[in-house]
Amino acid sequence: MNVTWKNICKWNTEYSADSVEWCPVEPHKNVLVCGTYELAESDEDQLAQKQTRLGKIFLFVINQDATEIKPIQTVNTSGILDLKWCNHKLEGHAVLAAVTSIGELRIYRLFNDETLNLKLWREHVIGQDILALSLDWSTNKTDSDVHNLVVSDSSGCVTILTVNGNGIEKRSSWRAHGFEAWIGAFNYWNTNLLYSGGDDCLFKCFDVRIQDGPVAVNKSHEAGVTSIRSHVDVEHQLLTGSYDEKVRLWDARKMKSCITETCVNGGVWRLKWHPITPNVVLAACMYGGFRILHIDDGVNVVSEYLEHCSIAYGADWCHGRDLVATCSFYDRSLHLSEIQLNLDSN
């Protein structure tokens, strides 16, 4: 497999950038958001739990001949830790969820007034004096009348919430990890199952119908578990990423050990399956830059992108074109690149 990765434009994000997400919903697959956060200057010497983190969500529309990018809207928030679009419209709108540095879940709807814009629709406080670190939608594979979210946080908890016409309803919450719960994610084929990964190096599976703790615990990661991604198109296939710089491929029915693993030379913060090609993965590898992985008999690195000058945190595939967006932290940089995959190459 051969990959061509060509940068076409770069943009300064003002605050430190940590997440980018392309809208998966028609007719808005050319819509991109970037989430950022920054410590308020007056708080730099304060204790971490007292620091004020400011944030912005930038909304972009990427035209077919894009050679430069500029946001059409800027939403001021507290610090953004994660963003995820729902893969299906809610009440006729594309919907974006965000989790923040003050322990909030905020949900925005995309409107097409004179221009496209995000408007706050729902909000919910996950907890006090915590950072809400990650989120995932239960409906990434199949639409449903019930749209659930899992949110993980800095106290080690995961929280399950339901979004409905009346607001956001908390279903359950529990302490999943002894330190930060860096990631929470659903099994998209069976949304009663969800996974969590923590700074305690544990990878866990829970069944929301069972209240007696995890149904599986894996201790094979050598550092904090930071990314988990169920495959929408291939049942039982699951990826994890870790600070130990390894990407592991799992069969979700066999949690005792992974199928295979590979070192990507950087802590793995984001993993994104390609929206069309089922065995290709985009990885944000922190101090190691960005990678494209090919899954066949193993997990193989087939391309790397090293033009960012800081921690590689955010990465996503465009759902409508051969584009990726990537962002990095201290250099406050968002990059847009063209990707060409030659699957027939040896």
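How much helix and how much strand does the chain have over residues 218-260, and how far apart are the end C-alpha atoms? That stretch is 0% helix and 47% strand, and its end C-alpha atoms lie 14 Å apart. Here are my notes on the rest, with the reminder that this is a predicted model.

1. **The annotated stretch.** Residues 218-260 carry a label in the record: UniProt, in an unreviewed entry, lists them as "repeat: WD". The label comes from that record, while the strand content of 47% is computed from the model.

2. **The chain as a whole.** You will look in vain for a helix here: the protein chain has 0 helices and 28 strands. Its C-alpha atoms fill a box of roughly 55 × 50 × 45 Å along the principal axes. The radius of gyration is 19 Å, which agrees with the value near 20 Å for a compact globule of 346 residues. Of those 346 residues, 62% count as buried. Taking contacts between residues at least 6 apart in sequence, 49% join residues at least 24 apart.

3. **The sheet that includes β1.** Four strands make an open sheet in the order β1-β28-β27-β26, and the pairing is antiparallel. At its edges are β1 (2-12) and β26 (312-317), each of which pairs on one side only. Neighbouring strands in this sheet are turned by 25 degrees against each other on average, direction ignored. If you want to trace one pairing by eye, take β1 and β28 (residues 333-342), which run antiparallel and are joined by 10 bridges. Within that pair, C9 stands opposite L336 in β28.

4. **A second open sheet.** The order here is β22-β23-β24-β25, again 4 strands with antiparallel pairing. The edge strands are β22 (270-273) and β25 (299-305); each has a single partner strand, so one side of each is left without a neighbour in the sheet. From one strand to the next the twist averages 25 degrees. Strand β22 pairs with β23 (residues 280-284) in the antiparallel sense over 4 bridges, and R270 faces A284 in β23.

5. **The β8-β9 hairpin.** Strand β8 (residues 104-112) and strand β9 (residues 116-125) are antiparallel partners over 9 bridges. A hairpin of 3 residues links β8 to β9. A handy landmark in this pair is Y108, which stands opposite L120 in β9.

6. **The nonpolar cores.** Which residues have the most contacts inside the largest nonpolar core? They are L105, I107, L135, W137 and L149, in a core of 27 residues. Two or more residues come from each of β7 (95-100), β8, β10 (132-137), β11 (147-153) and β12 (157-164). The largest share, 4 residues, is that of β10. A second, separate core has 19 residues, including C9, W11, I62 and C318.

7. **I107 up close.** Leaving out residues up to four places away in sequence, I107 touches several residues, among them V95, L96, A97, L120, W121, W137 and L149. K119 and R122 are also among the residues that I107 touches.

8. **Two loop residues to compare.** Is S101, in the loop between β7 and β8, buried or exposed? S101 is buried, because its relative accessible area of 8% falls under the 20% cut-off. Beyond its neighbours within four places in sequence, S101 is in contact with R53, S78, G79, L81, I130 and L131. T142 sits in the loop between β10 and β11 and is partly exposed, at 48% relative accessible area. T142 and W189 are 47 residues apart along the chain, yet their C-alpha atoms are separated by 8.3 Å.

9. **Backbone details worth a look.** The peptide bond from E26 to P27 is cis, with omega near 0 degrees, and P27 is in the loop between β2 (16-22) and β3 (31-39). D129, in the loop between β9 and β10, is a non-glycine residue with a positive phi, near 55 degrees. D129 counts as exposed, with 72% relative accessibility. N265, in the loop between β21 (260-263) and β22, likewise has a positive phi, near 60 degrees, and it counts as exposed at 53% relative accessibility.

Notes:
Residues numbered from 1 in each chain as written. Predicted model: local features only at pLDDT ≥ 70, side-chain atom pairs only at ≥ 80, totals over all residues. Heavy atoms only, no water. Pairing = 2+ DSSP bridges. UniProt positions renumbered as here; feature names shortened; annotations may be inferred. Axes fitted to C-alpha atoms, helices over the stretch in contact; angles between N-to-C directions. Core = buried A, V, L, I, M, F, W, Y, C linked by side-chain atoms within 4.5 Å. Buried < 20%, exposed > 50% of the residue type's maximum accessible area, 1.4 Å probe, protein only. Contact = heavy atoms within 4.5 Å. Rg over C-alpha atoms; globule rule 2.2 N^0.38 Å.
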